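Trainee: Could you take me through the aromatic rings of this model, looking closely at how they pair and where they sit?

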Amino acid sequence: MDFELTEEQLLVAKSARDFAKNEFYAAIRQYENNGDIDKIVIKKMGELGFLGICIPHEYCGQNLDYISLGLVCIEFEKIDTSIRFALTVHLALNSLTILKWGTEEQKRKYLVPQVKGEKTAAFAMAEPNAGSDIENIQTRAELESDYYILNGEKTWITLADVADNFLIFAKTNDKKSNNISAFIVERGFPGVVTNTIGGKLGIRAGNTGSISLQDVKVPRENLLGKEGDGLKIAMSALDNGLYTIACGSVGMIENCLETSIKYANERETFGKKIGKHQLVQQMIAKMAAARDIGRLLIYNIGWLKNKSRTNSRETFLAKWINCKSAFESANDTLQILGAYGYNNEFNIERHFRNARSALIYGLTHEMHTLIQAEYALGYRKE
Ligand SMILES: Cc1cc2nc3c(=O)[nH]c(=O)nc-3n(C[C@H](O)[C@H](O)[C@H](O)COP(=O)(O)OP(=O)(O)OC[C@H]3O[C@@H](n4cnc5c(N)ncnc54)[C@H](O)[C@@H]3O)c2cc1C
């Protein structure tokens with residue numbers, strides 16, 4: 001395995017850094033107040049080609065590799081989680097899933113406009129009574145001649161109130177154990193109603209909401225894969241989605257470390273820089289380790305993905321470890337900054353609020369702990 005980044009990968013990382021910093025950093029508090037970053041971020045990402053990373057040229061993509069995708073996520077999340085999250089759901093959870101499972105017609109109709117940023121896409125699995133326990137979803141899809149009729153509620157869905165296209169998971173046949181199927185649903189289909197969830201601790205710049213489906217007629221050709229493929233499709237989507245989350249967490253850790261080092265080399269107490277106090281050094285050492293461990297984990301996954309090798313165990317592990325490290329890094333940085341970390345003069349209170357949610361979304365910290373134990377014990381295979 002060669003860890004040296006190519007010229008092209010370095011260029012992609014630089015353009016992602018410039019994009020996030022120049023276009024969004026100065027106004028991020030305003031976006032946080034209004035919760036309206038998604039439409040503009042998706043449109044601009046489309047124009048610059050970020051929504052086509054890992055998508056072949058024939059679907060208007062950039063045909064770049066998975067390390068490039070990871071580097072983009074790192075740079076986005078240094079600025080704000082909501083920018084990386086928009087890419088996670090739109091590209092990693094939705095577009096790449098259509099690329100893998102979609103028919104040629106579905107790719108032309110849905111993937112291409114999503115790659116160009118003309119349409120915004122979301123991924124809707126969670127429900128009011130089914131978050132961790134995804135096999136317990138209650139949304140139903142009944143086949144009636146050429147249409148499926150969908151009824152149900154999705155909640156805590158990123159981009160719910162702004163997306164044009166949704167990947168909706170629903171139960172198609174109660175008699176089979178593997179009865180979850182995936183559907184491409186357009187906002188314009190009658191019976192689709194969305195709302196925004198307010199009062200969030202973090203990711204305030206971006207939208208999170210609910211989707212209500214009432215007798216929604218979904219054309220039969222909008223079934224993704226085959227009936228009963230839903231769990232397999234969801235797991236393959238998570239392989240990409242969790243990878244982008246794990247990569248973004250590295251960006252947050254790096255931004256926390258840079259902020260901590262700068263501050264520790266300036267602030268003085270008891271006649272010396274606080275960086276000379278061993279208890280401060282302990283927090284900085286932990287962050288430096290988290291940064292290097294995080295990068296190694298994601299480079300390994302990028303390498304596996306580039307070779308089309310299975311990577312679920314590694315991806316789930318990186319999401320579990322890196323998200324915990326990002327939250328701890330934000331918490332430690334806030335501590336190093338003392339009272340000055342407690343308001344919004346620095347990025348850190350925002351990172352702290354944003355990092356907390358990654359212990360919940362993309363499967364909770366506890367579910368990831370169980371999953372890694374199952375892999376180790378041989379109860380779970382790739
Ligand atoms: C900001 C944000 C964005 C999100 N975006 C999306 C999205 O785009 N699409 C989507 O489909 N979903 C999304 N979600 C939903 C997310 O996937 C769920 O919140 C998550 O899976 C957890 O489900 P829950 O909240 O219902 O918690 P529950 O499943 O009810 O869990 C509650 C608590 O019990 C614990 N627990 C549950 N079962 C076990 C067990 N067997 N052993 C030990 N502990 C257990 C959990 O770890 C947790 O601590 C998002 C959530 C958030 C917060």
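**Aromatic pairs and their surroundings**

Mentor: Tyr299 is a good place to begin in this predicted model, since at 12% relative accessibility Tyr299 falls under the 20% limit and therefore counts as buried. Its partner Phe3, by contrast, is partly exposed, with a relative accessible area of 43%. The structure holds 12 aromatic pairs, and one of them joins Phe3 to Tyr299, with 6.4 Å from centre to centre and 40 degrees between the planes, an arrangement described as tilted. Because Phe3 lies in the segment before helix H1 (7–25) while Tyr299 belongs to helix H8 (residues 278–306), this pair ties together parts that are 296 residues apart in sequence.

Another pair is formed by Phe19 and Phe24, whose ring centres are 5.4 Å apart and whose planes stand at 75 degrees, so this pair is edge-to-face, the angle being over 60 degrees. Both partners are buried: Phe19 has a relative accessible area of 3%, and Phe24 has a relative accessibility of 0%. Phe19 and Phe24 also belong to one aromatic cluster, which they form together with Tyr31, Phe50 and Phe76.

Aromatic rings also meet charged groups here. The charged end of Arg356 sits over the ring of Phe327, at 5.7 Å from the centre of that ring, and the charged end of Arg380 sits over the ring of Tyr375, likewise 5.7 Å from the ring centre.

How values were computed. Residues numbered from 1 in each chain as written. Predicted model: local features only at pLDDT ≥ 70, side-chain atom pairs only at ≥ 80, totals over all residues. Heavy atoms only, no water. Phe/Tyr/Trp six-rings, centres within 6.5 Å; stacked < 30°, edge-to-face > 60°. Helix = DSSP H or I, 4+ residues; strand = E, 2+ residues; numbered from the N terminus. Buried < 20%, exposed > 50% of the residue type's maximum accessible area, 1.4 Å probe, protein only. Lys NZ or Arg CZ within 6 Å of the ring centre and 35° of its normal.
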